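Ready for a few practice problems? Take a look at the structure first, then try each task yourself before reading its solution.

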Amino acid sequence: MKLKDWIAPFYVWKRAFEKPFTVPKPLKERPGSPRYRGFHQNDLDTCIGCGTCSSICQNHAIDMVPVDGIETHKGDSGLRPRIDYGRCCWCALCVDICPTTSLSMSNEYVWIDTDADVFRFIPGSEKKPWDSFKKGYKREEEYQLVDPRRIEMEMLPPEERVKSFLEMVKGYSREQAQKEADRCIQCGICTATCPAHMDIPGYIKAVRENKIEDGLKLMYETNPMPAMCGRVCTHQCEEDCALAHTGDAISIRWLKRYLADQVELDDYSKAMPVDILSNGKQIAIIGAGPGGLSAAYYLRLLGYEITIYEANDKGGGMTRYGIPEYRLPYDQLDKDIEYILSLGVEIKYNTRVGKDISFQEIHKESDAVLISIGLMLPYKMEIPGEDLPGNISGLEVLDKITRGEKVHFEEKVAVIGGGNVAMDSARTARTFGADVTVLYRRRIEDMPADEEEIIDAQQEKVTFITQAIPLRIEQAEDKRLSFIYGLAEMVDQGEGKRPKPVLIEGKEFSIVVDMVISAIGQGADFSFLPMEYEKLFSRKNQLKIDEFFRTRDSKIFASGDIANQTKDAISAIADGHRAARSIDHFLKNL
Amino acid sequence: MKNRDREKFPNVLNGIPVIDLESQKFLKVWQGPQHPGVTGNISLEVTLSGDEVVDLKTHVGYLHRGFEKLMERRKYLQCFTIVCRICVPEPDTNEYVFAAATEELAGITIPEKAKWLRTLVLEMARLASFLMWIGGQAGALGMGTIAQWTVAQRDYILDLFEELTGARVYHMYMVPGGVRGDIPDGFIEHVEKVMKGVEKVLYDVEIALLNNAIFKMRAKGLGYISKAMVDEYGIVGPNARAAGLARDIRKDSPYLIYDQLDFNVITGTHSDALERTFVRFREMLQCVSLIRQVINKMPRNGAYYTHIPNPLHWKIPAGETYVRAEASRGEYGYYMVSDGTEYPRRVQVRGPSYTHAIAVLEKLAIGTNLADLAGLMVSLHTCPPEIER
């Protein structure tokens, strides 16, 4: 032991004269650091109540509860996270995974109360001093637990597409599909949005786990035409996908297509073994479109004997005769239809009700009749010159192409309308080499057509003229047509309503074309119904149906485009399913 | 001990000492589970003869939270938030070995910058742990003031953690795939400021503690670990290094970016409590140097996180691995088994305290003075939370 060891320690007595570490009273509150994980904040308007925060929480500290002033609506469950601070460990995984970034944390960390129950609170709903704090833990842009970008679908390039009717979407490989399915957070917001309420998280899980047959079975529980819907569904689910708020939505439609494509038709019966016990009751379905086929499938599973009357020589309705082959190859549609027929559904092709067989006869022979005729009658523009040669409707064009009939497209074509039929007609005309101009009354963003159809059309060099109101068609030189339109201005109609195009007087323009294709909408053709059924209509061409899809005649039901507002295939399928349930209910309780 | 009077010790029958309390030769004292002389919730059942320890049993179980079992029912990312709680004074080693084991099994490579940030956090954690320890070491031998200085410095390091990770104690920063955030503005300057403060306090500690005659006299010869014992008992870290064995995971199997840093393994010779204090003291200075090296060499740009599969249903291919790192107390490792599902099949935490606080302490305590027992226990730098996961 050295002498130094005895003396040196006294050196630190100097500390007696230094500033102490301790903070004297009154205590000043020290704010948390800018990244501090303090109390939660939630922007209730941004939050969609997907519940992913609740799923990731390893302490079960978050549950989803209804909140005053928040209504359940499309794309929003109406629930909001309630956090139990008796369980929370401030790990902030809820913030990290929040797909809308509504949930974050403030840097506040002092909250004193004598009532323990207040620490179970709904951030954003219960007003707290830290609600407006800017500092605190927020997820950084670079750090994302779920990949915000989707796996891009491979497509034929636009210059290839316009050359043929080959299917333009190539489909996912197994690796791509699994990677895309991995992005799903399984919140189920899409299920609520889907008109058929398909178990989307369920079949995406099947893709992820490569349980293809389970996935197929799951899809058939709510949708008997997955190969078709996997290609041309309007996919409202993807609009509401939680991931679409800060990134790309899951490619739900392509994953559905992937599942349907993996199983050959011959293997369907193995994947979905059914045991149908016939109950002997006869159901007649008029129209073999998605609505009719869907009803036929579910009624057949319940044991009914089904006869479908179809005016055309093939089934599928509007999905066959209104959608070009590059979007929906006919063999895929056939696959869906053939599976339904394989269950014992009878279909009478080339049988137009009212001409080849009378409605009364069907009505008499069947226990119930389902009218599912779709909208096959194109609306007229109701403008002068519409009857001049060179005018044709979009539906007629598409119908003829499907039947393999020749349509002679002239050099310059005008397509009137902004729906899917207009886009399909325009793109079909492009395929035949025509120079196509689309004229629409409103703006591009108001077009009812699918966004991707519009984009595809633009890529394929279709010209768009918007806010153009058709005025008249005049004969021009060399058998050409002069299409005259007026410019419109958009007049706001108040919140929640589409702006209305109003003609600006004196602003008239014209384009000279060889052909005018009008595709401004279509209606139903009820001419097959005899006069005695006049009572079924609430107004002209509008069947009156109740919530069970039943008309004023208790034996007659209606579904498909004639019965719903959305007028797309998936809604028709959903209605077909519901109508089937109603028919079953009705017949069982006779 | 050979010169001592064997009379004091109990008779040994079949290798087990027979302690006859009725004889009034022996006294049984419980030190813990709540006691300033133990390093947490652990209990020492001490049998004394006079004030000399003749037998010691370590009792654990007061802090068992079942983390290993909890992890078997939690998804990988959810486990990440609970592993830090296994060791309170130095949670980051747990975070690192868990993340590294997960990444190894899942085949994920983390970005370069994440490696530097992880190293920075690990060294800061080691330093914070040592600062807390040296306060305990001095306090156990009667010098409470040292703890007040060093724990205050540790708090400044916790401020740094708060700034970088968003939390003071349980940082939850080293997420599988990288780290959760980049360096905030002004952080580097704050680190330098705190390091200067730490150096100043360490200088004072050196004078007041390491040059203190009383401390030296009490710590010298206390808890001697022979070289042979090191392998026999599985002694690691500074305890092994003080025995003269140059063992350091950071050198022996470098992880992260330790191979790019300039440092030597610090060893001692005497292998008693005093030597271990010297070794750890020098390691603290080494930590300061390493932290400075990291912040100077660290890449300023680049990604700090790489995408992992969706954590809600992240399945890791079946496999097993053992990943280890050098904590302040020595080799710290996770043996992880995955069976291809969303949950780890088994996570075994290997903390150095298990051997240090049970087998080693029970052996070294025999013959020590009761008053030195706390000093001995702290000199092994034991941490009960990691004994009972």
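**Exercise 1.** Is A:Ile286 buried or exposed?

*Solution.* Keep in mind that this is a predicted model.
Step 1: Find the residue. A:Ile286 sits in strand 6 of chain A, which covers residues 282–286.
Step 2: Look up its relative accessible area, which is 4%.
Step 3: Compare that with the cut-off. Buried means under 20%, so A:Ile286, at 4%, is buried.
Step 4: See who is around it. Leaving out residues up to four places away in sequence, A:Ile286 touches A:Tyr309, A:Val353, A:Phe359, A:Val369, A:Leu370, A:Ile371, A:Ser372, A:Ile373 and A:Phe528.
Step 5: Pick one of these partners, A:Val353. A:Ile286 and A:Val353 are 67 residues apart along the chain, yet 7.5 Å separate their C-alpha atoms.

**Exercise 2.** Which residues of chain A that are not glycine have a positive phi, A:Trp90 being one of them?

*Solution.* Let's work through two of them.
Step 1: Start with A:Trp90, whose phi is about 55°. You'll find A:Trp90 in the loop between strand 3 (79–84) and helix 3 of chain A.
Step 2: Go on to A:Phe549, which isn't a glycine either and has a phi of about 65°. Its place is the loop between strand 21 (542–543) and strand 22 (556–558) of chain A.
Step 3: Check accessibility. A:Trp90 comes out at 23%, so it counts as partly exposed. A:Phe549 has a value of 9%, so it counts as buried.

**Exercise 3.** Where in chain B is B:Gly40, and what is it in contact with?

*Solution.* Switch to the other chain for this one.
Step 1: Locate B:Gly40 in the loop between strand 3 (27–31) and strand 4 (43–49) of chain B.
Step 2: Read its relative accessible area, 29%, which makes B:Gly40 partly exposed.
Step 3: List the contacts. Setting aside neighbours within four places in sequence, B:Gly40 is in contact with B:Pro33 and B:Pro384.
Step 4: Try a distance too. From B:Gly40 to B:Tyr62 it is 9.5 Å, C-alpha to C-alpha, with their positions 22 residues apart in sequence.

**Exercise 4.** How do domain 2 and domain 4 of chain A meet?

*Solution.* Build this one up from the whole chain.
Step 1: Mark the domains of chain A: domain 1 (40–132), domain 2 (158–271), domain 3 (282–376 + 524–588) and domain 4 (378–522).
Step 2: Take the centres of domain 2 and domain 4 of chain A over C-alpha atoms; they lie 32 Å apart. Eleven residues from domain 2 of chain A and eleven residues from domain 4 of chain A make the contact.
Step 3: Turn to area. The two domains bury about 870 Å² between them, with 52% of it on carbon and sulfur atoms. On the side of domain 2 of chain A, A:Arg161, A:Val162 and A:Phe165 supply 57% of the area buried against domain 4 of chain A, more than any other three residues.
Step 4: Look for charged pairs. There is one salt bridge between domain 2 and domain 4 of chain A. The side chains of A:Arg253 and A:Glu452 form a salt bridge, at 2.2 Å from N to O.
Step 5: Sort the residues. The side of domain 2 of chain A that touches domain 4 of chain A has five nonpolar, three polar and three charged residues.

**Exercise 5.** How many residues of chain A are in contact with chain B, and how many salt bridges cross the interface?

*Solution.* Count first, then zoom in.
Step 1: On chain A, 48 residues are in contact with 54 residues of chain B.
Step 2: The size of an interface is often given as the accessible area lost when the parts come together. For chain A and chain B the buried area is about 4,000 Å², and carbon and sulfur atoms give 53% of it.
Step 3: The salt bridges across the interface of chain A and chain B number eight. A:Asp5 and B:Lys216 form a salt bridge, their closest N and O atoms being 2.8 Å apart.
Step 4: Now see which helices take part. Helix 1 (3–7), helix 2 (52–56), helix 3 (93–97) and helix 5 (174–182) of chain A each supply at least two residues of the side that touches chain B.
Step 5: Finish with the classes: that side of chain A has 25 nonpolar, seven polar and 16 charged residues.

Note on methods. Residues are numbered from 1 along each chain as its sequence is written. Chains are lettered from A and ligands numbered from 1 in the order in which they are written. This is a predicted model: local features need pLDDT of at least 70, side-chain atom pairs count only at pLDDT 80 or more; totals for chains, interfaces and linings use all residues. Side-chain values use heavy atoms; hydrogens and water are left out. Domain bounds come from an automatic or database domain assignment. Contact means heavy atoms within 4.5 Å. Buried area is the accessible area (1.4 Å probe) that two parts lose on being put together, summed over both. A salt bridge is a side-chain nitrogen of Lys or Arg within 4 Å of a carboxyl oxygen of Asp or Glu. Ala, Val, Leu, Ile, Met, Phe, Trp, Tyr, Cys and Pro count as nonpolar, Asp, Glu, Lys and Arg as charged, and the others, Gly among them, as polar. Helices (H or I, at least four residues) and strands (E, at least two) are DSSP runs, numbered from the N terminus. Buried means under 20% relative accessible area, exposed over 50%, partly exposed in between (1.4 Å probe, protein chains only).
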